[in-house]
Amino acid sequence: MIVALLPHLVSLVIGSLVVHALLSSSLPRSVWIKLLVTLPLGYAVGAGLTSCLYFILVVAGAGSRSVLMAGEAVLLAGSVALFMRNRDDETGTATSATPLHIWLLRGAFLLAIAFSAASWSAITSANPHGDWDATAIWNLRAKFLISGDPGWRLGIAPPELGTDIGVHHPTYPILVSSATAQAWTLTGTASSEAPALESLFFALAVAALLAGAIAWRHSESLGLLAGLVFLASGAFITGSPAQYADIPLSLYVLGSLVALEAAARDAKPWLAVLAGICAGFAALTKNEGIAFIVFFLAVAAWRLPRRQSLYVLIGSAPAIALTIVFKTLLSKGNDGLFPATMGLAMQRIADPSRWAQVVKGYFGALLDMGSGIAHPLLLIALLCIVLRFVPAPDARRILWHGLPAMALLAVAIGVYLITNNDLQWQLDTSVSRVIAQAWPAFLWMALMTLRAPESLAPATVAPEPTRAAAEKPAKRKKRA
Amino acid sequence: MLATIGLVAVVAAGAAAHNWLQVEEIARQQSDRYGIAMAIRRFQPVLEKLPAGPVGYITDVDVKSTAGQTAFMAAQYAVAPAMLAIPTDTVKPQFAIGNFSRPQDFEAVGRAAGYRMLHDYGTGVILFERIAR
């Protein structure tokens, strides 16, 4: 287990250094919030970078352990250099005292993390290789990737034999499979621990980023409540030990929206680059991520100044390029998901019974996310009633930035309507995962639009300013 | 307001604890649900004989059935980077593996599919080679 942990720690360190350098002066002084933002985004970026590096090496015929180690050493050195260049010189800790209710919420959040990790451990111990798609698609392709040439080609472009074969969905984006393969290559063994830990890291990163992002941009208590509601829902429990790509996608979706909103408010180019990097990795994670990035870039172009949206494009460009190369030049296969003619597609779209079935499927999956008074939607509704909403312009700003995640759900509805597969089977096997992809982003949107408890209770302390904001008066004084 | 926040936090943390207790029980009942760990153990001895390419798959379980699909998927995961393919009149990879649910005349089953038996590894795992025409 310790050995299987190492590749993920390397990814975490590389990514965290890069993210810290990109966010640098935007982060708050609180070490707790800093960690909640930097570490999950760091794992997202680090896992994406090392996954891309490994896949490129495999395609170039240089996917050996030693070359990969050298490549990751270069990545590490580059991230250290970036970190040193944009180092946060702040050595002091938070100046204001942390209120008691925040400490209690932090305790509850850590407790929920511990329970969720215990759930992951119980399921993973029973089924260490994950659920069906993990062994049929994601981890299977990782096994092909580590086999070198010509094995890796079979996993993403199997020959057309005209009979049933064991490789399915070879054209699905490669990030998760390649991340697993790079961990296996570094450790020298295709153990079940490496992909299992990868899925745990991604899920914990979602919970932490959700809490950290809202704490960073709005209110720490709301952030911790968002993290708690996420951990209470079934998304973590079913998604993480399954070792599918849905939780990683949800992390990239959430990361890109958080960074986009921050870039729009703070006008910092590096935030826009980070938003682009996360969105690019979303496209390289799942087909739904490709739909997401189209809407994401459109919203970025619309909501950000031209220069900022250019930075988003620059950040996402490498992963988009790799996705295009993978989809058009390297992978081969037809999922047979879509109808052959436009007429057939329109016929299915016009069928009201399919709409009813899809709506029922979505409602059923939403209801299944929790039970009784612990249902996440009920908890959110309670918070909405008690805290009420931020002023309309602020709420609208958040909702516009969250639009790409909601578009992801809309695109999925379209796919369900026209799919060639048996619709009920398709809904039963995937709708809860589709919701899980957008669920953290939805929670982020919902709680960002609520008024901060700190602003309502006079006895509590207002959220800390970011370092940049704290520096402004000092600079003004200096100029004077 | 703080009471509501506290209530939401307690209920959410409680739900996470409740989920844990529930999955503990479910996990106990569904250990190695798709037989992946077992397939990895069973096919381990044959791995070094298989090429990184198409390999035939011969079985006594209907591959269209749920049990057959599960066994096929588990076997594929265990033998990758060999790529399993169901032999047909036109598709006959040089080697094939047998994945059988019960003892039978493996030689005869293989011959009917155009293969001769090379080795019986026990536990229903057989290595076949295509019969030259």
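How many cavities of 30 Å³ or more does the count give? The count comes to two cavities of that size, in a structure that is a predicted model.

**Internal cavities**

The largest cavity holds about 50 Å³ of space. Its lining consists of Asn139(A), Val176(A), Thr180(A), Pro195(A), Glu198(A), Ser199(A), Phe202(A), Gln243(A), Tyr244(A) and Pro248(A). Two elements of chain A give two or more residues to this lining, namely helix 7 (175-187) and helix 8 (193-217). Helix 8 of chain A provides the largest share, with four residues. By class, the lining of the largest cavity contains five nonpolar, four polar and one charged residues.

For the second largest cavity, the volume is about 30 Å³. The residues around this space are His8(A), Ser11(A), Tyr43(A), Ala47(A), Ala179(A), Gln182(A), Glu198(A) and Phe202(A). At least two lining residues come from each of helix 1 (2-23), helix 2 (31-59), helix 7 and helix 8 of chain A. The lining of the second largest cavity divides into four nonpolar, three polar and one charged residues. Glu198(A) and Phe202(A) appear in the lining of the largest cavity and also in that of the second largest cavity.

**Aromatic pairs and charges over rings**

Over all chains, the count of aromatic pairs comes to 14. Two of the tilted pairs are set out below.

| Aromatic pair | Centre to centre | Angle between the planes |
|---|---|---|
| Tyr43(A) and Phe201(A) | 5.1 Å | 55° |
| Tyr57(B) and Phe72(B) | 4.8 Å | 55° |

In chain A, Tyr43(A) belongs to helix 2 and Phe201(A) to helix 8, so their pair ties together parts that are 158 residues apart in sequence. Tyr43(A) and Phe201(A) are both buried. Ring pairs also join Tyr43(A) and Phe201(A) with Phe202(A), Tyr252(A) and Phe281(A) in a cluster. Two members of this cluster, Tyr43(A) and Phe202(A), are found in the lining of the second largest cavity.

In chain B, Tyr57(B) lies in strand 1 (residues 54-59) and Phe72(B) in helix 3 (residues 66-79), so this pair ties together parts that are 15 residues apart in sequence. Tyr57(B) is buried, as is Phe72(B).

Charged side chains are also placed over rings. The charged end of Lys143(A) sits over the ring of Tyr77(B), at 4.6 Å from the ring centre. Within chain A, Arg303(A) lies over the face of Trp302(A), 5.5 Å from the centre of the ring.

**Strand 3 of chain B**

How many residues of strand 3 (residues 95-99) of chain B are buried? Five of its five residues are buried, and the strand is mostly covered. In a regular strand, side chains alternate between the two faces of the sheet. On one side of strand 3 of chain B are Phe95(B), Ile97(B) and Asn99(B), and on the other are Ala96(B) and Gly98(B); all are buried, and both faces are thus covered.

Strand 3 of chain B pairs with strand 1 of chain B in the parallel sense, over four bridges. With strand 5 (residues 125-130) of chain B, the pairing of strand 3 is antiparallel, over five bridges. Gly98(B) takes part in each pairing: this residue is the bridge partner of Ile58(B), and Gly98(B) also stands opposite Ile126(B) in strand 5 of chain B.

Definitions and conventions:
Residues are numbered from 1 along each chain as its sequence is written. Chains are lettered from A and ligands numbered from 1 in the order in which they are written. This is a predicted model: local features need pLDDT of at least 70, side-chain atom pairs count only at pLDDT 80 or more; totals for chains, interfaces and linings use all residues. Side-chain values use heavy atoms; hydrogens and water are left out. On a 1 Å grid over the protein atoms alone, a cavity is a set of points where a 1.4 Å probe fits but cannot get out, and a pocket is an open set with protein on both sides within 12 Å along at least five of seven lines; lining residues have an atom within 4 Å of a point. Grid points are joined across faces, edges and corners, and a volume is the space filled by probe spheres set on the points. Ala, Val, Leu, Ile, Met, Phe, Trp, Tyr, Cys and Pro count as nonpolar, Asp, Glu, Lys and Arg as charged, and the others, Gly among them, as polar. Rings of Phe, Tyr and Trp (its six-membered ring) pair if their centres lie within 6.5 Å; planes under 30 degrees apart count as stacked, over 60 as edge-to-face and the rest as tilted. Buried means under 20% relative accessible area, exposed over 50%, partly exposed in between (1.4 Å probe, protein chains only). A charge sits over a ring if NZ of Lys or CZ of Arg is within 6 Å of the ring centre and within 35 degrees of the ring normal. Two strands pair if DSSP finds at least two bridges between them.
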